[in-house]
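Dear colleague,

I am handing over the structure we spoke about, with the sequence alongside it. Please have both open while you read the notes that follow.

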Amino acid sequence: MKQRKSKQVRLFSGMLIGIVMIAVLARIVYLNHCYPSPKVITYTDNDTIKLGNYEIKQTGWEWGDGSLLKEKCPDYAYDQTDDGSEYPFDSVRVGFITLSVTKVKDDTTSLDLTSLAFEMGTNGDQYDMELFFALNPTLEALEIKLNAGEDVSFVIPYIMDEQQVSKKDWNRVDKMKLYMVLQYYPQKIRLCCTG
């Protein structure tokens with residue numbers, strides 16, 4: 001009698017687990033159907049990116065350690081160590097990407113820079129807005145609003161330090177590709193900053 005009851009409990013448990021697994025699988029299939037992974041479109045430094053009525057082109061790229069940051073913006077301090085000294089230059093990598101943006105057709109849209117992000121390997125990060133405005137003193141906001149035929153150029157900084165990535169990734173950081181993501185959905189549009 002006990003053995004029969006034990007078999008019934010196992011059978012019931014197995015059926016319950018099977019039903020839950022089917023429900024979870026159905027939910028995953030449904031969500032992937034409703035929200036498919038976006039198609040990734042990658043541009044390089046020679047390409048013109050079209051976002052709405054704006055054309056974006058990479059016109060410059062610089063990559064180096066913390067000394068490049070000091071060269072471009074001497075008054076900017078990235079971070080301080082526990083003893084109050086500035087973060088060591090060799091523990092920081094800095095990228096400066098210069099973009100040229102042109103409005104090709106009149107409308108009421110603007111180019112929103114708040115959603116820009118950078119990806120390198122498994123690391124993703126925003127750019128430093130304080131440094132952005134220090135490098136681009138003529139810009140007053142992170143929203144670029146132009147009329148047809150107008151253009152503007154600006155520099156977007158990317159900073160990372162060795163604490164943000166694994167030791168393995170840090171040892172090869174200068175050889176990895178860095179992408180600036182301009183849009184995530186319905187298509188993921190990114191620009192490969194490195195050559």
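Which residues does UniProt list for "transmembrane region"? The unreviewed entry gives residues 12-30, and in this model, which is predicted, the chain over residues 12-30 is 100% helix and 0% strand, with the end C-alpha atoms 27 Å apart.

On the division of the chain, the domain assignment gives domain 1 as residues 1-36 and domain 2 as residues 40-192, and the C-alpha centres of domain 1 and domain 2 lie 47 Å apart. The listed residues 12-30 can be read against those bounds.

Turning to the strands, there is an open sheet of 5 strands, in the order β1-β11-β10-β6-β7, and its pairing is mixed. Because β1 (39-43) and β7 (123-125) stand at the edges and each has a single partner strand, one side of each is left without a neighbour in the sheet. Neighbouring strands of this sheet are turned against each other by 30 degrees on average, if direction is ignored. The strands β1 and β11 run parallel and are joined by 5 bridges; in one of the pairings between them, K39 has Q187 in β11 as its bridge partner.

One peptide bond also deserves a look when you go through the model. Most peptide bonds are trans, whereas the bond from Y185 to P186 is cis, with omega near 5 degrees. P186 itself lies in the loop between β10 (179-183) and β11 (187-192).

With best wishes

Notes. Residues numbered from 1 in each chain as written. Predicted model: local features only at pLDDT ≥ 70, side-chain atom pairs only at ≥ 80, totals over all residues. Heavy atoms only, no water. Helix = DSSP H or I, 4+ residues; strand = E, 2+ residues; numbered from the N terminus. Pairing = 2+ DSSP bridges. Axes fitted to C-alpha atoms, helices over the stretch in contact; angles between N-to-C directions. Domains from an automatic or database assignment. UniProt positions renumbered as here; feature names shortened; annotations may be inferred.
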